[in-house]
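User: I would like to learn how to read a model like this, feature by feature. Can you take me through it?

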Amino acid sequence: MEFGVWTKGLATLGVDCLVLGIFEEGELSGEARSVDAASSGALKRLLARGDFAGRAGDTLLIGDLPGIKATRVLLTGLGSKKSFSRRSWRKAWAAAAAALSRTRIGSCAVAIDRPDARQLDDYYFGRSVAELAGAALYRINDLKTGKKPPLPELKRVLAGPVRRAAAAERGLSHGAAIAAAADVQRDLANLPANICTPSFLAAQARERARRAASLRVRVLDEAAIRREKMGCLLAVAQGSRQPPRFIVLEYRGTGAGQPPVVLVGKGVTFDSGGISLKDPPGMDEMKFDMSGAAAVLAALTLASQLKLRLHVVGLIAAVENMPGGKAVKPGDIATSASGQTVEILNTDAEGRLILCDALNYARRFEPAAVVDIATLTGACVVALGHHHSGVMGNDEPLVRELLDAGVRADDRCWQLPLTEEYAEALKSNFADFANVGGRDGGAITAATFLGKFTQGLKWAHLDIAGTAYLTGASKGSTGRPTPLIADFLLTRAAAR
Ligand code: BES
Ligand code: MN
Ligand code: ZN
């Protein structure tokens, strides 16, 4: 898709469709007023007839307004003017983009009223236009055999009004790249686990690195993982016919010697729970348990696409968690790559077992920061629901960076406490610690476990169990937290 900025003369713009915002109060914005004037009051008459109430999420497509070069005008509801915010603007554009995607409209000019610049400056305006357009046009790479609905035809989007065109254009190009990265994550996460196996993830990483000169990849197979003494990761993998893979991606956008940001992704391509088998309802959703891994792949793709002046390493621990005659059993003790021993009381707490060995691997890069991304606990979903990811860490400034990036990117996370008391729950009589600490505070005890392997590192953990995918009728990957990670990296590269 191609993005640009429109400056003036909406009525004479050579696009297929103008997108205008309408408040519930029926009042026309500056942009809508100019269109109304050019069409001799056609919009005002339509509103006076009560044909469009301006409710948030509602849209109305009108054809052939007189005096307007564009053949269509799409009205999108902004809700009440009193509570107008960045959120209502986003909702209005998202609804409009979704409506456009179901038509044969090929080009449009976005002319929806904007909240003031403190809420949405020109850069983030451009970025949101492109990101939300990308999200609305996303189609699941499904395996349905029937006739496919026609693909969206939207190819060109002009955004305005803007004060600083250069900032808006930078936002548009970043937003387009973020949307493409989110698509990478979504496509991988939506695949069924019989296709998206650890080896498949490794092949995907290789393919991405082949296409981007600045990306390098190394894949450790089972024997190499054994040489790294990743006993916890191997314990999870041992019950599956699918061999594990440990994927190392490296993007270098700086000269030698700059310590990297290391991103670590949980890549459980299917989480049955293992011998501690999960309940059947919703078990299919555990194909999304590699969303963190997909987000890491997406982030590295993005860094190379935007040529960020940053050194980024992506580590992906890819395994399948299955029961079977060779599977790890409750009570088994594994030795992690760090040398610490773990009593595996619950084989369904597998994410932390693969992450602990991946986090330990991060040490060799002497990183500036380590951020792991994982669909780690159901407890995090209970605590925060589906709007915020959980964030915890051992370095307050790093946690703050992620919190702030999430706010700017509209992909928020919320901090949970990570204080010493929680470590008591992980006491074991037989090993250095257990892999579970009971039901209460489960998101925190999981992070506490990871904290045992990140001492001396600047580390933060994102629990995306509630945000990475949707369930029910709109089941599918959301592409989160790719916008958050993108903002974190862009800010570190001072490229925002
Ligand atoms: N992958 C799950 C966490 C999860 C749950 C993600 C729901 C998305 C939605 C993880 O491996 C897991 O099974 N965690 C257990 C931990 C427990 C055994 C301590 C959980 O949350 O129940
Ligand atoms: Mn599990
Ligand atoms: Zn899991």
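**Reading the metal sites**

Analyst: Start with Asp-271: its relative accessibility is 3%, so this residue counts as buried. Keep in mind throughout that the model is predicted.

User: Which metal ions does Asp-271 bridge?

Analyst: Asp-271 bridges the manganese ion (ligand 2) and the zinc ion (ligand 3). The two ions lie 3.2 Å apart. As for the chain, Asp-271 sits in strand β9 (residues 261-271), while Asp-348 is in the loop between β12 (341-344) and α10 (351-362). These two residues are 77 residues apart, so the pair links distant parts of the chain.

User: How do I read a single site? Which protein atoms are the donors of the manganese ion (ligand 2)?

Analyst: List the donor atoms, then look at the angles. For the manganese ion (ligand 2), the protein donors are Asp-271 (OD), Asp-348 (O), Asp-348 (OD) and Glu-350 (OE). They lie 2.1 to 2.2 Å from the ion. The site has 6 donor atoms, with angles of 72 to 168 degrees among them, and is irregular. The sequence spacing of the donor residues is D-x76-D-x1-E.

User: And what is the geometry of the zinc ion (ligand 3) site?

Analyst: The site of the zinc ion (ligand 3) is octahedral. Its 6 donor atoms make angles of 79 to 174 degrees. Lys-266 (NZ), Asp-271 (OD), Asp-289 (OD) and Glu-350 (OE) coordinate this ion at 2.0 to 2.4 Å. Along the chain, the spacing of these donor residues reads K-x4-D-x17-D-x60-E. Asp-289 is in the loop between β9 and α9 (291-305), and Glu-350 is in the loop between β12 and α10. The pair therefore ties together parts 61 residues apart in sequence.

User: Are Asp-289 and Glu-350 buried or exposed?

Analyst: Both Asp-289 and Glu-350 are buried.

User: Next, salt bridges. How many does a search of the whole structure find?

Analyst: The search finds 28 salt bridges. Read each one by its closest N and O atoms, then check the surroundings of the partners. In the bridge between Asp-36 and Lys-44, those atoms are 3.8 Å apart. Asp-36 has 4% relative accessibility and so counts as buried. Arg-49 and Asp-51 form another bridge, with a closest N and O separation of 3.3 Å. Here Arg-49 is exposed, at a relative accessible area of 57%. Asp-51 is partly exposed, at 42%.

User: What does the salt bridge of Lys-475 with Asp-284 tie together?

Analyst: First, the distance: the closest N and O atoms of Lys-475 and Asp-284 are 2.7 Å apart. Lys-475 lies in the loop between β18 (469-470) and β19 (476-477), and Asp-284 in the loop between β9 and α9, so the bridge ties together parts 191 residues apart in sequence. Lys-475 is partly exposed, with a relative accessible area of 35%. Asp-284 is partly exposed too, with 40%. Shared partners also build networks: Arg-127, Glu-131, Arg-408 and Asp-487 are joined into one network by salt bridges.

User: How is empty space found, and what lines the largest pocket?

Analyst: A probe the size of a water molecule is rolled over the atoms to show where empty space is left. The largest pocket holds about 1,600 Å³ of space. Its lining has 47 residues, with Arg-90, Leu-132, Asp-410, Thr-478 and Arg-480 nearest its centre. By class, 19 are nonpolar, 12 polar and 16 charged. Elements that each supply at least two lining residues include α3 (86-101), α4 (122-137) and α5 (165-190).

User: Last, the backbone. Which peptide bonds are cis?

Analyst: Check omega. The bond from Gly-160 to Pro-161 is cis, with omega near -5 degrees. Pro-161 is in the loop between β6 (156-159) and α5. Another cis bond joins Arg-480 and Pro-481, with omega about 10 degrees. Pro-481 is in the loop between β19 and α14 (482-492).

User: What is the phi of Glu-366, and what is the phi of Asp-410?

Analyst: Glu-366 has a positive phi of about 45 degrees, although it is not a glycine. Glu-366 lies in the loop between α10 and β13 (369-374) and is exposed, with a relative accessible area of 65%. For Asp-410, phi is near 55 degrees, again positive in a residue other than glycine. Asp-410 is in the loop between α12 and β15 (413-415). At 30% relative accessibility, Asp-410 counts as partly exposed.

Terms used: Residues numbered from 1 in each chain as written. Chains lettered and ligands numbered in written order. Predicted model: local features only at pLDDT ≥ 70, side-chain atom pairs only at ≥ 80, totals over all residues. Heavy atoms only, no water. Donors = N, O, S within 2.8 Å, 3.2 Å for Na, K, Ca; no water. Tetrahedral: all angles 85-135°; square planar, octahedral: opposite > 155°, others 65-115°. Helix = DSSP H or I, 4+ residues; strand = E, 2+ residues; numbered from the N terminus. Buried < 20%, exposed > 50% of the residue type's maximum accessible area, 1.4 Å probe, protein only. Salt bridge = Lys/Arg side-chain N within 4 Å of Asp/Glu carboxyl O. 1 Å grid on protein atoms, 1.4 Å probe; cavity = no way out; pocket = protein on both sides within 12 Å on 5 of 7 lines; lining within 4 Å. Points joined across faces, edges and corners; volume = space filled by probe spheres on them. Nonpolar A, V, L, I, M, F, W, Y, C, P; charged D, E, K, R; others polar.
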